[in-house]
Amino acid sequence: MGERDQRVNGLLVELGRQIATRWLTTLLIPGLLWVCVAVPACQLGWAHALDPHAAEPLLRWFVSRRPAGQNIALAVAVLMAALGVGMTATGVPAILRLLRPVAARSAPARRLRTARLARWERARRAAEHLEAEALRAADGSTIVGPQIAQARARQYAISLEEPAHATWVGDRLRANMLRIHRGYGLDVALVWPRLWVILPDSLRADISAVQNSYAAAGVTVGWAVLYAALGLVWGPALLIAVAVLAVAFVRARSATEVLCQLVEAATDLYASALADQLHIPCTGVLTPDLGHLVNEVLRKEPPQNPSRFTPRPP
């Protein structure tokens with residue numbers, strides 16, 4: 001009994017340590033950095049954005065002697081402000097998700113979508129032209145082969161499928177769903193919660209870690225928004241916002257790519273096991289026809305062709 005209590009206490013201590021570390025890294029430290037920028041920004045403003053002499057009154061106020069109680073109150077106020085800003089930054093991604101449908105229909109999003117589609121079409125035509133030249137030439141495979149690979153790589157760097165979104169991340173997620181549906185006939189949004197249940201713990205841990213990385217990239221976008229808001233008072237904060245947004249963009253792209261690879265790998269390895277769990281006969285690779293049957297079962301609808309669906313008795 002004592003040994004079990006020690007294990008439980010050790011688990012609680014480790015959990016508390018992890019929560020404290022995450023609290024420091026995601027809320028307090030970034031919040032303190034923002035407060036440290038906001039205080040001189042409000043003092044300098046646009047008129048004296050890069051004038052160090054304009055910050056002298058603020059510096060003198062900080063180094064002036066004051067009672068210990070005031071110093072403690074000031075430290076507490078700074079910590080509370082940092083936590084409040086940090087909580088605001090973590091809430092910004094949720095607000096942006098609510099605004100996403102409206103933003104997708106906006107004129108800038110349509111122009112970005114059109115521009116990405118035009119770039120993708122040019123890259124696709126260039127690759128197809130090289131492939132046609134290689135077919136016409138007797139020895140084209142040895143000369144044009146690397147060029148074809150590079151042309152296809154440029155096309156796929158824009159989007160694996162024909163672009164339908166204004167951003168690379170949106171098209172990458174869409175391409176992942178299309179690839180899985182094309183290969184197995186599965187509706188990913190419908191199948192994934194059930195597939196998640198039968199995945200091994202190691203794979204679920206990897207996917208959860210990548211999802212946390214993607215969520216962290218969203219919080220970084222929140223910090224970029226807060227620095228952009230500070231830029232209304234102090235111009236250089238806009239440069240900080242652009243830098244933070246670039247970091248968030250790189251992190252989001254990296255996390256999205258790894259997440260899509262893991263989701264596709266999980267489907268490749270365990271889609272047939274899901275069909276087996278649903279008592280749908282599946283020997284070998286899951287075919288698109290069987291994938292459609294899985295979708296019909298999960299939708300709780302009768303199959304379109306009942307004769308194809310003969311479930312194995314449990």
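**Exercise 1. Place the salt bridge of Glu131 in the fold and state how accessible its two partners are.**

At 29% relative accessibility, Glu131 counts as partly exposed, where buried means under 20% relative accessible area, exposed over 50%, and partly exposed in between (1.4 Å probe, protein chains only). The model is predicted, so that local features need pLDDT of at least 70 and side-chain atom pairs count only at pLDDT 80 or more, while totals for chains, interfaces and linings use all residues. Residues are numbered from 1 along each chain as its sequence is written, and side-chain values use heavy atoms, with hydrogens and water left out.

The next step is the partner: Glu131 meets Arg152 in a salt bridge at 3.1 Å, N to O, the term standing for a side-chain nitrogen of Lys or Arg within 4 Å of a carboxyl oxygen of Asp or Glu. Arg152 is buried, with a relative accessible area of 16%. Because Arg152 belongs to helix 5 (residues 140-158) and Glu131 to helix 4, the pair ties together parts that are 21 residues apart in sequence; helices here are DSSP runs (H or I, at least four residues), numbered from the N terminus.

**Exercise 2. Determine which parts of the chain are tied together by Glu264 and Arg179.**

Begin with the contact, a salt bridge whose closest N and O atoms are 2.9 Å apart. Glu264 lies in helix 9 and Arg179 in helix 6 (residues 168-184), so this pair ties together parts that are 85 residues apart in sequence. As for accessibility, Glu264 is buried at 14%, whereas Arg179, at 36%, is partly exposed.

**Exercise 3. Describe the salt bridge between Arg124 and Glu128 and the network that includes both residues.**

Both residues lie in helix 4 (residues 107-136), four residues apart, which is about one turn of the helix. Their closest N and O atoms are 2.9 Å apart, and a network of salt bridges links them with Glu121. Arg124 is partly exposed at 22%, as is Glu128 at 35%. The structure holds nine salt bridges.

**Exercise 4. Characterise the lining of the largest cavity.**

A search of the whole structure finds one cavity of 30 Å³ or more, a cavity being a set of points on a 1 Å grid over the protein atoms alone where a 1.4 Å probe fits but cannot get out. The largest cavity holds about 50 Å³ of space, a volume being the space filled by probe spheres set on the points. Its lining residues (those with an atom within 4 Å of a point) include Ile180, Trp192 and Thr267. Helix 7 gives the most to this lining, with four residues.

Definitions and conventions
On a 1 Å grid over the protein atoms alone, a cavity is a set of points where a 1.4 Å probe fits but cannot get out, and a pocket is an open set with protein on both sides within 12 Å along at least five of seven lines; lining residues have an atom within 4 Å of a point. Helices (H or I, at least four residues) and strands (E, at least two) are DSSP runs, numbered from the N terminus.
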